[in-house]
Amino acid sequence: AQEKNITVIKDIEPAPYDGFYADGGRLRQILINILSNAVKYTNPGGTVSFKVSFKKGRGKLVNVKYQIQDNGIGMSKEFLKTAFKPFEQETKG
């Protein structure tokens with residue numbers, strides 16, 4: 001992001017608990033992959049934002065919401081139908 005002069009905005013709420021049960025390695029891998037793609041497909045001088053918020057559920061359950069937004073090249077409505085199939089990539093002409 002720094003090499004492309006991309007502004008990265010982080011908005012991370014304080015967690016309501018000290019720890020969470022999750023596959024930390026897998027979660028980290030997913031978030032890094034999505035953030036890397038956001039930087040990769042955002043033009044120099046663009047913006048990528050990363051937001052984490054929490055919503056308490058029943059008992060000690062918590063819903064964690066991760067939002068990643070950029071002002072990159074985007075995806076067409078047609079591609080969104082197949083975006084989650086393995087090895088799919090949209091090509092822009």
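What follows is a conversation about a predicted model of one protein chain.

Colleague: What makes up the fold of the protein chain, and in which pattern along the sequence?

Modeller: The protein chain has two helices and three strands, and reading along the sequence one meets them in the pattern β-α-β-β-α.

Colleague: Why is the protein chain called more spread out than a compact globule?

Modeller: For 93 residues the globule rule gives 12 Å, whereas the radius of gyration of the protein chain is 16 Å, which is well over that value, so the protein chain is described as more spread out than a compact globule. Along the principal axes, the C-alpha trace spans about 50 × 30 × 25 Å.

Colleague: What share of the residues counts as buried, and how much of the accessible surface belongs to carbon and sulfur atoms?

Modeller: Buried residues amount to 14% of the 93 in the protein chain, while carbon and sulfur atoms hold 52% of an accessible surface that comes to about 7,900 Å².

Colleague: Why is T42 called buried?

Modeller: The term applies to residues under 20% relative accessible area, and because T42 has a relative accessibility of 1%, T42 counts as buried. The residue sits in the loop between α1 (24-40) and β2 (47-56), and, leaving out residues up to four places away in sequence, T42 touches K4, I6, T47, V48, D70, N71 and G72.

Colleague: How do you know that the side chain of T42 makes a polar contact with A38?

Modeller: A polar contact requires a suitable pair of N or O atoms within 3.5 Å, and the side chain of T42 reaches the backbone oxygen of A38 at 2.5 Å, so the pair falls within that limit.

Colleague: Why is F20 called partly exposed?

Modeller: Buried means under 20% and exposed means over 50%, with partly exposed in between; F20, at 39% relative accessibility, lies between these two limits and therefore counts as partly exposed. F20 belongs to the loop between β1 (7-12) and α1.

Colleague: Which residues is F20 in contact with, leaving aside its neighbours within four places in sequence, and what separates its C-alpha atom from that of S49?

Modeller: With those neighbours left aside, F20 is in contact with A15, F54, V62 and V64, whereas the C-alpha atoms of F20 and S49, which are 29 residues apart along the chain, are separated by 23 Å.

Colleague: How far apart are the mean positions of the positive and negative charges?

Modeller: The protein chain carries 15 positive and 9 negative charges, and their mean positions are 6 Å apart.

Conventions: Residues numbered from 1 in each chain as written. Predicted model: local features only at pLDDT ≥ 70, side-chain atom pairs only at ≥ 80, totals over all residues. Heavy atoms only, no water. Helix = DSSP H or I, 4+ residues; strand = E, 2+ residues; numbered from the N terminus. Rg over C-alpha atoms; globule rule 2.2 N^0.38 Å. Buried < 20%, exposed > 50% of the residue type's maximum accessible area, 1.4 Å probe, protein only. Areas by Shrake-Rupley, 256 points an atom, 1.4 Å probe, with all protein chains shown as cover. Lys, Arg positive; Asp, Glu negative; His and termini not counted. Charge placed at Lys NZ, Arg CZ, Asp CG, Glu CD. Polar contact = N/O pair within 3.5 Å; in protein donor to acceptor, adjacent residues only side chain to side chain. Contact = heavy atoms within 4.5 Å.
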